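Visitor: Please take me through one part of this model at close range. I would like to see the sheet, what packs on it, and the side-chain contacts worth a look.

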Amino acid sequence: MRVLLIGANGYLGRFVADRLLADPAVQLTALGRGDDADVRFDLASGSPGALTRFLDAVHPGVVVNCAGATRGGARELTRHNTVAVATVCEALRRSRCAARLVQIGCGAEYGPSQPGSSTAEDAVPRPGGPYGVSKLAATELVLGSGLDAVVLRVFSPAGPGTPAGSPLGRLAEAMRRAMQSGDGELKLAGLGAQRDFVDVRDVARAVHAASLSAAQGVINIGSGRAVRLRDAAAVLARVAGYGGALHELDGPPGQLRATIGHPRPEPDHAGPVAYPYPDGCGSWQQADVRTARDRLGWRPRINLEESLADIWMEAACRI
């Protein structure tokens with residue numbers, strides 16, 4: 001099976017590439033903006049015609065799109081998350097290769113959920129920010145394209161390679177600095193959010209399974225269990241061997257939202273501070289993952305403690 005992987009250098013893409021390369025039946029070609037891609041191509045600015053010519057030359061049986069942006073303004077997110085997917089869909093429609101498309105979506109497309117509930121694929125999406133809107137628009141393009149396609153809505157990925165600017169990455173970095181400076185108290189803010197964390201290696205397994213399946217439509221990829229960020233911080237402290245106290249800083253929602261883009265401690269609270277989720281999903285998200293089990297034969301295997309241990313291993317090695 002010849003697979004074209006778009007976005008192989010990204011957080012999820014690196015693990016998807018490793019998983020696909022471990023399958024001896026897969027011939028993998030990587031397309032992206034980086035110098036180490038097999039083929040350099042920018043989906044946000046490249047033409048569908050140019051991509052079609054490449055597809056006809058390579059003739060993949062599956063196209064996996066892991067490319068996209070998680071940060072930036074509405075215009076940048078639209079270019080990299082929506083316009084790019086429109087280019088992929090149009091190129092596949094024009095191409096003679098009849099490839100299957102596996103698109104990586106995001107749980108942020110659903111927006112806030114009722115605490116205690118599990119979000120299934122038939123829930124009405126109500127994204128709470130420009131990132132979720134741009135990803136939802138991409139999903140709608142894929143679903144309306146007429147292609148043999150599946151969208152994997154990945155909830156909150158965790159594990160090795162977690163970006164330092166993500167909530168779990170910021171927690172690990174704050175803990176590393178506290179341990180390095182000998183602080184006996186770590187001050188954290190906005191830990192009330194509950195998210196469904198799923199290890200990136202389990203996500204890669206889901207992509208592999210989706211590539212081999214005939215499943216179409218939207219499929220949630222998560223652990224099926226919401227975890228409060230303060231509980232994740234406690235687990236991270238345990239795996240890191242941090243013996244200090246975790247002190248949660250409370251504040252009005254408006255104040256916490258204001259600190260997301262410009263994290264800084266309050267004058268009377270010295271020390272590292274971590275901040276809440278800027279994903280527009282409110283206080284709760286938990287995936288209903290029965291469709292992934294039934295249609296892909298997929299279940300998560302790696303628990304959050306192992307994911308956090310890997311996050312800590314990388315943070316601890318930072319200079």
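Guide: What follows goes from the sheet to its helices, then to a ring pair and a buried arginine. Keep in mind that this is a predicted model.

Start with the sheet. It is open and has seven strands. Their order is S3-S2-S1-S4-S5-S6-S10, and the pairing is parallel. In general, strands of a sheet pair through backbone hydrogen bonds, either parallel or antiparallel. The edges are strand S3 (39-40) and strand S10 (217-221). Each has a single partner strand, so one side of each is left without a neighbour in the sheet.

Look at the S3 edge. Strand S2 (residues 27-32) runs parallel to S3, and two bridges join them. Within this pairing, Leu31 stands opposite Val39 in S3.

Now add the helices. Helix H1 (residues 11-21) lies across strand S1 (2-6), S2, strand S4 (62-65) and S5. Its direction is at about 165° to S1. Helix H3 (residues 74-94) lies across S1, S4 and S5. H3 runs at about 165° to S5.

Next, the rings. A search of the whole structure finds one aromatic pair. The partners are Tyr110 and Phe155, with ring centres 6.0 Å apart. Their planes are at 35°, so the pair counts as tilted; stacked would need planes under 30 degrees apart. Tyr110 lies in the loop between strand S5 (100-106) and helix H4 (130-143). Phe155 lies in the loop between strand S6 (149-154) and strand S7 (156-158). The pair therefore ties together parts that are 45 residues apart in sequence. Both Tyr110 and Phe155 are buried. A charged side chain joins the picture here: Arg153 lies over the face of Tyr110, at 4.6 Å from the ring centre.

Last, another arginine. Arg195 is placed in strand S9 (residues 194-199). Its relative accessibility is 0%, so Arg195 counts as buried. What does the side chain of Arg195 make a polar contact with? One partner is the side chain of Asp279, at 3.0 Å. The backbone oxygen of Gly282 also lies 2.7 Å from a polar atom of the Arg195 side chain.

To place this site against the S3 edge, go back to Leu31. Arg195 and Leu31 are 164 residues apart in sequence. In space, their C-alpha atoms are 31 Å apart.

Note on methods:
Residues are numbered from 1 along each chain as its sequence is written. This is a predicted model: local features need pLDDT of at least 70, side-chain atom pairs count only at pLDDT 80 or more; totals for chains, interfaces and linings use all residues. Side-chain values use heavy atoms; hydrogens and water are left out. Rings of Phe, Tyr and Trp (its six-membered ring) pair if their centres lie within 6.5 Å; planes under 30 degrees apart count as stacked, over 60 as edge-to-face and the rest as tilted. Helices (H or I, at least four residues) and strands (E, at least two) are DSSP runs, numbered from the N terminus. Buried means under 20% relative accessible area, exposed over 50%, partly exposed in between (1.4 Å probe, protein chains only). A charge sits over a ring if NZ of Lys or CZ of Arg is within 6 Å of the ring centre and within 35 degrees of the ring normal. A polar contact is a pair of N or O atoms within 3.5 Å; within protein, one must be able to donate a hydrogen and the other to accept it, and residues adjacent in sequence count only if both atoms are side-chain atoms. Two strands pair if DSSP finds at least two bridges between them. Contact means heavy atoms within 4.5 Å. Axes are lines fitted to C-alpha atoms, for helices over the stretch in contact, and angles run from 0 to 180 degrees between N-to-C directions.
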